[in-house]
Amino acid sequence: MKNIDTYDFSGKKVIVRVDFNVPLNDKFEITDDTRIRAAIPTIQKIREGGGAVILMSHLGRPKEGPEEKFSLKHLIPDLNDKLGTEVQFADDCIGEQAKQKADALQPGQVLVLENLRFYKEETKGDEAFAKKLAELADVYMNDAFGTAHRAHASTAIIAQFFPEEKLFGYVMGNELKSINKVLKEGEKPFTAVLGGAKVSGKIEIIKHLLDKVDNLIIGGGMMFTFIKAMGGKIGNSLVEEDLIETAREAIEKADELGVSLYIPTDTIAADKFDNEAETKTCKAGEIPEGWMGLDIGPETIKNFNDVIENSATILWNGPMGVFELESFAKGTIAIAHAIANSTEKGAFSLVGGGDSVAAVNKYKLKDKVSYVSTGGGAMLEFIEGKQLPGVLAVQE
Ligand code: AMP
């Protein structure tokens, strides 16, 4: 496979699928530029190598055709600053103007195409649309890990028009390296910490990880399906009745494989789903009727801490409780700090999934973990063992 570090970009026009799906306020100002910052090294590498860059992305969820609030033109001032050059813009991602601007691009210059999702052909993976995008460039680069699990025109279908000249950018490369490092080359003991609301969203991951981990820690709303499967009383806590059997099977499989499964022993129970609710700490399997567990309790925090601090590789996905409400955030805060401490002592830690990433950002621990994955859904599918179309299309 071609590698961004060694590829000769001189005189080439490179069309790069980036993830510029950033939040904008009502004045169209960027409120979180993480994704743009992440793409800068890739863009600069191509420019320094003598190539011209054509950037394409989606932004938001436009319904039918162009919408002002989803225009990528709002990103141009920020890109000018970050790249230290006058970035050009084509107000349609395909067609005459885009073609003319792409043709006229000189080495080192950058052109941004208008939002790909102004065409429904993008998400449909339309081949003719992908071909029109492909005609703008000599080389295809995918640097959008966040959409790699989708077989869209710009993330996967387009690659066929560049049978030789296709490669990953740094964002994509780093994501794949970090996840592979954890799943395939992780030092032992390897601990996965899974939380979040539902077992249904995580069951495939649990199954896939049982073969790989030494310790599996379960928290969040999904713990109660496991606790019920073990015969516990969970009051009004979140539960997926139809997955109790599946949870039981996972417990048995962990036992067969010698995986240490850690299910909370105590919980912070509340009389209603409210920050101002009355709360009490109780045994996780003895929650009174009318009460619901909304966070892990102090004994559990201590036990989870011990496991995490003695791990060499840690994967974290999903909060331990309803961390959006301050009254139920303690468990998630404690676990985030435990992962940061373990990382400081030499462990490799990978944090992924929207809510866990939000948590490390909120508690200012982003720089204290080894890697924060930018692609929630893509990361989960990758961990489940699925082939991602956006990755496959470049590798094939
Ligand atoms: P997910 O999208 O599946 O990762 O779930 C994240 C959501 O799970 C967050 O919004 C949390 O508030 C929620 N959550 C975590 N613990 C609990 C709990 N004990 N009961 C209900 N919801 C929870």
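# Close-up views of a predicted two-domain model

**View 1. Strands 12, 11 and 14 make up an open, antiparallel sheet of three strands, in the order 12-11-14.** The structure shown in this and the following views is a predicted model. The edges of the sheet are strand 12 (279-283) and strand 14 (292-296), each of which pairs on one side only. Averaged over neighbouring strands and with direction ignored, the turn of one strand against the next is 40°. Strand 11 (residues 266-270) is linked to strand 12 by five bridges in the antiparallel sense, and within this pairing I268 has T281 as its bridge partner. Strand 11 and strand 14 also run antiparallel, joined by four bridges; here T267 stands opposite I296. Strand 14 is mostly covered, with five of its five residues buried.

**View 2. Strand 15 (residues 313-317) is mostly covered, and five of its five residues are buried.** The cover extends to both faces of the strand. T313, L315 and N317 lie on one side, I314 and W316 on the other, and all of them are buried. Strand 7 (residues 190-194) runs parallel to strand 15 and is joined to it by five bridges. In this pairing, T191 stands opposite I314. Strand 15 also pairs with strand 16 (residues 348-351), in the parallel sense and over four bridges. There, T313 of strand 15 has F348 of strand 16 as its bridge partner. Between strand 15 and strand 16 the chain passes through helix 11 (residues 330-344), a β-α-β crossover that is right-handed.

**View 3. S342 is a residue of helix 11, the helix of the crossover between strand 15 and strand 16.** S342 counts as buried because its relative accessibility is 2%, below the 20% limit for that class. Apart from neighbours within four places in sequence, the residues in contact with S342 are I308, E309, S311, I314 and A347. One of these contacts, I314, belongs to the buried residues of strand 15 and stands opposite T191.

**View 4. E326 occupies the loop that lies between strand 15 and helix 11.** E326 is classed as exposed because its relative accessible area is 68%, and the class begins over 50%. From C-alpha to C-alpha, E326 and E309 are 25 Å apart in space, and 17 residues separate the two in sequence. E309 is among the residues in contact with S342.

**View 5. The bond between K188 and P189 is a cis peptide bond, with omega near -5°.** Most peptide bonds are trans. P189 is placed in the loop between helix 6 (170-183) and strand 7. Strand 7 (residues 190-194) is the parallel partner of strand 15 in a pairing of five bridges.

**View 6. F28 and K364 are shown for their backbone angles: F28 has a positive phi of about 65°, and K364 has a phi near 55°.** Neither F28 nor K364 is a glycine. Most residues other than glycine have a negative phi. F28 is located in the loop between strand 1 (13-17) and helix 1 (34-48). With a relative accessible area of 28%, F28 is partly exposed, because this value falls between the limits of 20% and 50%. K364 is part of the loop between helix 12 (354-362) and strand 17 (371-372). K364 has a relative accessibility of 70% and therefore counts as exposed.

**View 7. The domain assignment divides the chain into domain 1 (13-168) and domain 2 (176-383).** The centres of domain 1 and domain 2, taken over C-alpha atoms, are separated by 36 Å. At the boundary, six residues of domain 1 are in contact with nine residues of domain 2. The accessible area lost when parts come together is often used to give the size of an interface. Between them, domain 1 and domain 2 bury about 670 Å², and 71% of this area is on carbon and sulfur atoms.

Key: Residues numbered from 1 in each chain as written. Predicted model: local features only at pLDDT ≥ 70, side-chain atom pairs only at ≥ 80, totals over all residues. Heavy atoms only, no water. Buried < 20%, exposed > 50% of the residue type's maximum accessible area, 1.4 Å probe, protein only. Helix = DSSP H or I, 4+ residues; strand = E, 2+ residues; numbered from the N terminus. Pairing = 2+ DSSP bridges. Right-handed = clockwise from strand over helix to strand, strands pointing away. Axes fitted to C-alpha atoms, helices over the stretch in contact; angles between N-to-C directions. Domains from an automatic or database assignment. Contact = heavy atoms within 4.5 Å. Buried area = accessible area lost by both parts, 1.4 Å probe.
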